[in-house]
Amino acid sequence: MALVAPSILAADFTMLRDQIQTADKGGADWIHVDVMDGHFVPNITFGPLLVSAVNRMTDRFLDVHLMIDNPDFFIEDFVKAGADSLTVHYEAVVHLNRTVNRIKELGVKVGVAINPSTPTDILKEIVNDVDLILVMSVNAGFGGQKFIESSYRRISEVKSMIPKGKDVRIEVDGGVTSENAGKLVSSGADVLVAGTSVFKSANIPAAIKELKTA
């Protein structure tokens with residue numbers, strides 16, 4: 001069964017603690033935090049201060065997705081804030097191997113994300129060095145977008161390049177619902193990031209259960 005990582009990007013921030021704790025009790029495995037800078041993606045969300053606050057609201061694994069330019073400048077701040085995993089974008093990093101190794105040195109899990117138009121082949125040089133590959137299934141920047149159908153094929157391509165016995169999880173982010181969750185998992189996804197389909201639902205625990213059983 002895949003892990004479910006509700007994205008707080010879609011949460012009601014006037015009730016953030018309540019919604020995160022409801023997700024916890026409802027079976028969320030991870031809490032996903034989308035950090036956007038208004039440069040790499042056309043939106044601005046939050047930084048280390050909010051990650052630190054979320055860390056005090058939950059004991060769940062904090063999966064922090066850096067959709068920002070120059071992530072190297074902020075890695076230590078997010079680790080100090082309580083991130084359990086940091087994912088950087090291939091498209092935003094000049095020296096990816098160096099960045100990946102620096103995150104490892106700081107003692108947290110490391111992931112690399114690719115946008116929908118980025119060829120999956122570029123991951124062959126880094127897949128042995130990371131804990132997670134994040135396949136974006138929408139164009140990064142906003143929640144609630146329509147799922148891009150070619151993502152199934154891209155997930156399968158990434159799965160095929162992970163060496164046998166190597167523990168590298170494949171995460172998918174964008175437009176994930178109970179309708180496509182089963183096909184995503186059969187394509188090779190291990191972690192389902194879901195924002196709108198969880199936090200905008202009338203019943204958060206039921207939405208998480210639907211994703212897990214789909």
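Buried means under 20% relative accessible area, exposed over 50% and partly exposed in between (1.4 Å probe, protein chains only). This is a predicted model, in which local features need pLDDT of at least 70, side-chain atom pairs count only at pLDDT 80 or more, and totals for chains, interfaces and linings use all residues. Residues are numbered from 1 along each chain as its sequence is written, and side-chain values use heavy atoms, with hydrogens and water left out.

**View 1. The two faces of helix α8 (residues 204-213).** Helices (H or I, at least four residues) and strands (E, at least two) are DSSP runs, numbered from the N terminus. In α8, Ile204, Ala207, Ile208 and Leu211 are the buried residues. They line one face of the helix, because down its axis they fall within an arc of 100°, taken from the directions from the helix axis to the C-beta atoms. Exposed Lys209 and Thr213 sit on the face turned away from the buried side of α8.

**View 2. Helices α1 (16-25) and α2 (residues 48-57).** The two pack at an angle of about 50°, with axes 10 Å apart. Axes are lines fitted to C-alpha atoms, for helices over the stretch in contact, and angles run from 0 to 180 degrees between N-to-C directions. Contact (heavy atoms within 4.5 Å) involves Leu16, Arg17, Ile20, Gln21 and Asp24 of α1 and Leu50, Val54, Arg56 and Met57 of α2.

**View 3. Phe74, in the loop between β3 (61-67) and α3 (75-81).** Phe74 counts as partly exposed, because its relative accessibility is 35%. Leaving aside neighbours within four places in sequence, Phe74 is in contact with Ile68 and Asp69. Pro48 is 26 residues from Phe74 in sequence and 8.5 Å away in space, C-alpha to C-alpha.
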